[in-house]
Amino acid sequence: MNQKRCSACGAWNHRDNTHCSECGEMLDRRKARIEKLKKEGRLPVVLKETPLLEIKPHYPWYLKLLIYIVKPIYWTFFFIASGIMYLIAWIAA
Ligand SMILES: [Zn+2]
């Protein structure tokens with residue numbers, strides 16, 4: 001089977017086609033969904049490492065600077081905290 005059916009108009013298209021030859025709708029449902037989300041601006045650009053300290057393009061410069069400074073401190077704190085927790089667990093055992 002090398003034909004795909006358009007989900008919008010029901011026309012048959014060649015498998016390699018990305019868009020329907022009849023109505024222009026995207027044939028790949030997953031891609032179509034991503035495109036739709038992109039248009040609506042709801043698609044997350046990249047997977048965030050820390051949602052808390054994410055630098056968004058619309059942030060004012062001082063906020064970007066603040067996050068830029070705080071981020072390594074946050075990671076250092078996280079590292080120390082996990083180290084302390086490990087020590088506590090080790091002592092308690
Ligand atoms: Zn179509």
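User: Hi! Where does α2 bend, and by how much?
Analyst: Helix α2 bends by about 30° at Val-70, and a proline, Pro-72, follows within four residues. The bend at a residue is the angle between axes fitted to the seven residues ending there and the seven starting there.

User: Thanks. What kind of model is this?
Analyst: This is a predicted model, where local features need pLDDT of at least 70, side-chain atom pairs count only at pLDDT 80 or more, and totals for chains, interfaces and linings use all residues. Residues are numbered from 1 along each chain as its sequence is written.

User: And what is the mean pLDDT of the protein?
Analyst: The mean is 83, with 87% of the residues at 70 or more; pLDDT is the predictor's confidence in each residue, from 0 to 100.

User: Where is confidence lowest, and where is it highest?
Analyst: It is lowest in α1, at a mean of 80, and highest in strand β2 (residues 12-14), at 92.

User: Back to the fold: in what order do the elements run?
Analyst: From the N terminus on, the order is β-β-α-α, which comes to 2 helices and 2 strands. Both kinds are DSSP runs numbered from the N terminus: helices are H or I with at least four residues, strands E with at least two.

User: How far does α2 reach?
Analyst: Helix α2 covers residues 61-92, 32 residues in all, and its first and last C-alpha atoms are 46 Å apart, close to the 46 Å expected at 1.5 Å a residue. That expected span is 1.5 Å times one less than the number of residues in the helix.

User: How many residues of α2 are buried?
Analyst: The number is 0 of 32, so α2 lies largely in the open. Buried means 20 or more other C-beta atoms within 10 Å of a residue's own, exposed means 12 or fewer, and partly exposed is in between, with C-beta atoms placed from the backbone.

User: What about α1?
Analyst: Helix α1 also lies largely in the open, because the number buried among its 12 residues is 0. Across the 93 residues of the protein, buried ones make up 2%.

User: Is Arg-29 buried or exposed?
Analyst: Arg-29, found in helix α1, is exposed, with 10 other C-beta atoms within 10 Å. Its C-alpha is 8.0 Å from that of Ser-7, 22 residues apart along the chain.

User: Last one: what phi does Gly-41 take?
Analyst: Gly-41, just after α1, takes a positive phi of about 75°.
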